[in-house]
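Reader: I've got a model open on my screen and I'd like to learn how to read it. Can you walk me through it, feature by feature?

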Amino acid sequence: MRTILITGPGGSGRTTIAAATALTAAREGHRTLLLSADHADTPGTALGAVTGPDPVRAAERLTVRRPDAAAGFRADLTAFQTRATNVLDLLGAARLDAEEVTPLPGAEELSLLRALRDAALAERHDLLVVDLPPLPQALALLALPEELRRYLRRLLPPERQAARALRPVLGRLAGVPMPAEWLYETAARWDVELAAVQAVLADRNTAVRLVAEPGPAGADAVRAASLGLALRGLRTESLIANRVLPEAGGDWLAGLLAQQRKTLDGWREQPGDLHTVAHLGHDPQGPDDLTALAVPGVNPAPAPLEWPVTDRIAEDGVLVWHLPLPGAIREELDLVRRGDELLVTVGPFRRIVPLPAVLRRCTVAGAALRDGELRIRFAPDPGLWPAAGR
């Protein structure tokens, strides 16, 4: 199954482009599911159908769903209260009724990720189109599974479950209840669920389609988004320049047209596919308007974004790890090696990545940023790599 994640700056028309992408794919013969994080029924307005938390058939081979974050959050909280009965009674806590619960920040993101996981596991569709929140919320959402899994492993390491027989004794010595078995079971279940989402995002058949209006603000947003996505190992399938004005727009549009031309010229010089979508003169409503947008179909043969390690031991005595970071600035780049992990900070983005197995027996020998690619040199540690010392 292919997965296309669609995002862009707020007000760029990303939800309409997502609906048009899904409709185009369905008409090309692909069984398509459109998932949207939009609060209002913008996908339904664009497609001429009413959509909601239950799957709705909007066209032949096209299903649309907008997950209900509130219902999911209430169900999760109710289940948690049931499992944590002993702890809540010990604290004298009053339980919350489902009717009085409103979703906390982050609940919508988790609800969308869960729907993404369920759709991927169901394997009922050929293509999954995901209308993500606007930037930069989308980048934070895409980072969530990996970061939450790391937090869980640090807070509740699975290996500590081996000591569960000692918890009653430790609890009496400490005078407080020790983490119960259900807590570790819950953490393990969350880890499995997050791993499933992470696997979908990391799949070679998953890519991102960026949507932006050509102009200074759009150019800045695309530059930042491309860098943040690359740091996450996500490939940009194409850039959709939305609401492009006609050249014969009159003198009063001359300033806007000049901005658009400059931005489009810059985007054409960048690697990747650029597609322009004309401004219809009104908000698209209905399948006919979506067809008029002429949104391109999904690339059937995506090129995976890789972080390869090249062996230059014979020539230079090092291994080189290549990290594509388009638009990165040397002054905003920072690297910290911590055990078998590398903390990469570039501009406003940060990611902790595990080192490939072959590099864990090496020491960092330097790094350079050239042509949008970070190249980190690793020298074999003679103590861990005896062959390199002979």
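**Hairpins, sheets and helices**

Author: Let's start with a hairpin: strand 12 and strand 13 form one, with two residues between them, and Gly347 in the turn has a positive phi of about 60°. Keep in mind that this is a predicted model.

Reader: How many bridges join strand 12 to strand 13, and do the strands run parallel or antiparallel?

Author: In general, strands of a sheet pair through backbone hydrogen bonds, either parallel or antiparallel. Here, strand 12 (residues 341-346) and strand 13 (residues 349-354) run antiparallel and are joined by six bridges. To see the register, find Val344, which stands opposite Arg351 in strand 13.

Reader: Which residue takes a positive phi in the hairpin of strand 14 and strand 15?

Author: That one is Asp371, with phi near 50°, in a hairpin that has two residues between the strands. Asp371 has this positive phi although it is not a glycine. It sits in the loop between strand 14 and strand 15.

Reader: Is Asp371 buried or exposed?

Author: The cut-off for exposed is over 50% relative accessible area. Asp371 has 79% relative accessibility, so it counts as exposed.

Reader: And how do strand 14 and strand 15 pair?

Author: In the antiparallel sense, over eight bridges, with strand 14 covering residues 362-370. Two landmarks help: Thr363 has Ala379 of strand 15 as its bridge partner, and Val364 stands opposite Phe378 in strand 15.

Reader: Which residue of strand 15 is the bridge partner of Leu319?

Author: Phe378. Leu319 takes us to strand 10 (residues 318-324), which runs antiparallel to strand 15 (residues 373-380) and is joined to it by six bridges. So Phe378 is a handy place to look both ways: Leu319 is its bridge partner, while Val364 stands opposite it.

Reader: What is the order of the strands in that open sheet?

Author: Read across it as 9-10-15-14, four strands with antiparallel pairing. Strand 9 (309-312) and strand 14 are at the edges with a single partner strand each, so one side of each has no neighbour in the sheet. From one strand to the next, the twist averages 25°.

Reader: What is the strand order in the open sheet of eight strands?

Author: That order is 3-4-2-5-1-6-7-8, and the pairing is mixed. Strand 3 (56-59) and strand 8 (273-278) stand at the edges; each has a single partner strand, so one side of each is left without a neighbour in the sheet. The twist averages 25° from one strand to the next here.

Reader: Where can I look for a parallel pair?

Author: Try strand 2 (residues 32-36) and strand 4 (residues 62-65), which run parallel and are joined by four bridges. Leu33 stands opposite Thr63 in strand 4. For a helix against strands, look at helix 9 (residues 216-231): it lies across strand 6 (206-212) and strand 7 (236-244), running at about 165° to strand 6.

Reader: How should I read two helices that meet, such as helix 5 and helix 6?

Author: Two packed helices are described by the angle between their axes and the distance between the axes. For helix 5 (residues 107-122) and helix 6 (residues 137-155), the axes come within 10 Å and cross at roughly 85°. That makes helix 5 roughly perpendicular to helix 6. Helix 5 brings Glu109, Leu110, Leu112 and Leu113 to the contact, and helix 6 brings Leu141, Leu144, Pro145 and Leu148. These residues divide into seven nonpolar, no polar and one charged.

Reader: Which loop holds Glu123, and what is its phi?

Author: Glu123 is in the loop between helix 5 and strand 5. Its phi is near 55°, a positive value in a residue other than glycine. With 64% relative accessibility, Glu123 counts as exposed.

Reader: Where is the cis peptide bond?

Author: It joins Leu135 and Pro136, with omega about 0°. Pro136 is in the loop between strand 5 (127-131) and helix 6.

Reader: One last loop residue: is Ser12 buried or exposed?

Author: Buried means under 20% relative accessible area. Ser12 has 3% relative accessibility, so it counts as buried. Its place is in the loop between strand 1 (2-7) and helix 1 (14-27). The Ser12 side chain reaches the backbone oxygen of Pro9 at 2.7 Å. Leaving aside neighbours within four places in sequence, Ser12 is in contact with Val211, Ala212, Glu213, Asn242 and Arg243.

Definitions and conventions
Residues are numbered from 1 along each chain as its sequence is written. This is a predicted model: local features need pLDDT of at least 70, side-chain atom pairs count only at pLDDT 80 or more; totals for chains, interfaces and linings use all residues. Side-chain values use heavy atoms; hydrogens and water are left out. Two strands pair if DSSP finds at least two bridges between them. Axes are lines fitted to C-alpha atoms, for helices over the stretch in contact, and angles run from 0 to 180 degrees between N-to-C directions. Contact means heavy atoms within 4.5 Å. Buried means under 20% relative accessible area, exposed over 50%, partly exposed in between (1.4 Å probe, protein chains only). A polar contact is a pair of N or O atoms within 3.5 Å; within protein, one must be able to donate a hydrogen and the other to accept it, and residues adjacent in sequence count only if both atoms are side-chain atoms. Angles under 35 degrees count as roughly parallel, over 145 as roughly antiparallel, 65 to 115 as roughly perpendicular and the rest as oblique. Ala, Val, Leu, Ile, Met, Phe, Trp, Tyr, Cys and Pro count as nonpolar, Asp, Glu, Lys and Arg as charged, and the others, Gly among them, as polar.
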